[in-house]
Amino acid sequence: KPSGIFNLAAETHVDRSIDSPHAFLKTNILGVFNLLEAVKLFNKNSRKKIKFLHVSTDEVYGDIKKNLQVSENYNYNPSSPYSASKAGADQLIKSYHRTYGSSVIIVNSCNNYGPNQLPEKFIPKIIFNIIKNKPIPLYGKGTNVREWIFVKDHCEALIKIFNKGKIGKNYNVGTG
């Protein structure tokens, strides 16, 4: 008798999405479709309706000029197969809300960091390279700026949004 589903599953590494986008489409779009169908079926056969909270990414907005605050109404402009697959999932979720009345919430989050993170991710990679006295990789021209949130703080935000957020809405989660 669930009260909700949190979808935190995703293919997330931008570089891998450029090299091999198929897994990103399969997981990030078809995986979301399967969850939405399961929620729809559950809600059809149950008096108690469950909420679906989907964790997306701030990367659906594309490149954002420095110091620009992005609201939840900002246009999507994905710049990689990863961000395009997340944007596609977001749009599919919105369509299920409109078409089937599904109780959905989308959270567009900045990057997370914390214990047990995959070593391919930026912060663990930098720490590992420093410890091993290896060169620190430079991404692009070194001018990219990303926002980060500690995983525990992100989880607290997700629970708060699940409990108090409005159905059918998007919420940006970051550190400012």
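Visitor: Why is Cys 110 called buried?

Guide: First, a caution: this is a predicted model. In it, Cys 110 has a relative accessible area of 5%. Buried means under 20%. The value of 5% falls under that limit, so Cys 110 is buried.

Visitor: What makes Cys 155 count as partly exposed?

Guide: Its relative accessibility is 34%. Under 20% would be buried, and over 50% would be exposed. The 34% of Cys 155 lies in between, so this cysteine counts as partly exposed.

Visitor: How do you know that Cys 110 is too far from the closest cysteine sulfur for a bond?

Guide: A disulfide is a covalent bond between the sulfur atoms of two cysteines. To count as one, the sulfurs must be within 2.5 Å. From the sulfur of Cys 110, the closest cysteine sulfur is in Cys 155, and it is 12 Å away. That is too far for a bond, so the pair does not count. Seen from the other side, Cys 155 is in no disulfide either, with the sulfur of Cys 110 as its nearest at 12 Å.

Visitor: How many disulfides does the rule give?

Guide: The count comes to 0.

Visitor: Now the helices. Why are α2 and α3 called roughly parallel?

Guide: Two packed helices are described by the angle between their axes and the distance between the axes. Here α2 covers residues 22–44 and α3 covers residues 81–100. They pack at an angle of about 15°. Angles under 35 degrees count as roughly parallel. So α2 and α3 are roughly parallel to each other. Their axes are 8 Å apart.

Visitor: Is the crossing of α2 and α3 right-handed or left-handed?

Guide: α2 passes α3 in a right-handed crossing.

Visitor: Which residues of α2 and α3 make the contact?

Guide: From α2 come Phe 24, Leu 25, Asn 28, Ile 29, Val 32, Phe 33, Leu 36, Glu 37 and Lys 40. From α3 come Tyr 82, Ser 85, Lys 86, Gly 88, Ala 89, Leu 92, Ile 93, Tyr 96 and Tyr 100.

Visitor: How do the residues of this contact divide into nonpolar, polar and charged?

Guide: The contact of α2 with α3 has 12 nonpolar, 3 polar and 3 charged residues.

Visitor: What makes Glu 59 count as buried?

Guide: Its relative accessibility is 15%. The limit for buried is under 20%. The value of 15% meets it, so Glu 59 counts as buried. Glu 59 is found in the loop between β2 (51–57) and α3.

Visitor: Which residues does Glu 59 touch?

Guide: Leaving out residues up to four places away in sequence, Glu 59 touches Val 14, Pro 78, Tyr 82, Ser 83, Asn 111 and Arg 146. Ala 23 is 36 residues from Glu 59 in sequence, and the two are 18 Å apart in space, C-alpha to C-alpha.

Visitor: What is the phi of Asn 116?

Guide: Asn 116 has a positive phi of about 65°, although it is not a glycine. Asn 116 lies in the loop between β4 (111–113) and α4.

Visitor: Why is Asn 116 called exposed?

Guide: Its relative accessible area is 80%. Exposed means over 50%. So Asn 116 is exposed.

Visitor: Which residues of helix α4 are buried?

Guide: Helix α4 spans residues 122–131, and its buried residues are Pro 124, Ile 126 and Asn 129. Just after α4 comes Asn 133, with a positive phi of about 55°. Asn 133 sits in the loop between α4 and β5 (148–150).

Visitor: How do you know that Asn 133 counts as exposed?

Guide: The relative accessibility of Asn 133 is 72%. The cut-off is over 50%. So Asn 133 counts as exposed.

Visitor: What makes Asp 15 count as partly exposed?

Guide: Asp 15 is in helix α1 (residues 14–19). Its relative accessibility is 40%. That lies between the 20% and 50% limits, so Asp 15 counts as partly exposed.

Visitor: Why is Asn 163 called exposed?

Guide: Asn 163 belongs to helix α5 (residues 151–164). Its relative accessible area of 55% is over 50%, so Asn 163 is exposed.

Visitor: One last residue. Why does Gly 176 count as exposed?

Guide: Gly 176 is in the segment after β6 (170–173). Its relative accessibility is 92%. That is over 50%, so Gly 176 counts as exposed.

How values were computed. Residues numbered from 1 in each chain as written. Predicted model: local features only at pLDDT ≥ 70, side-chain atom pairs only at ≥ 80, totals over all residues. Heavy atoms only, no water. Buried < 20%, exposed > 50% of the residue type's maximum accessible area, 1.4 Å probe, protein only. Axes fitted to C-alpha atoms, helices over the stretch in contact; angles between N-to-C directions. Helix = DSSP H or I, 4+ residues; strand = E, 2+ residues; numbered from the N terminus. Parallel < 35°, antiparallel > 145°, perpendicular 65-115°, else oblique. Left-handed = near helix turned anticlockwise from the far one by under 90°. Contact = heavy atoms within 4.5 Å. Nonpolar A, V, L, I, M, F, W, Y, C, P; charged D, E, K, R; others polar.
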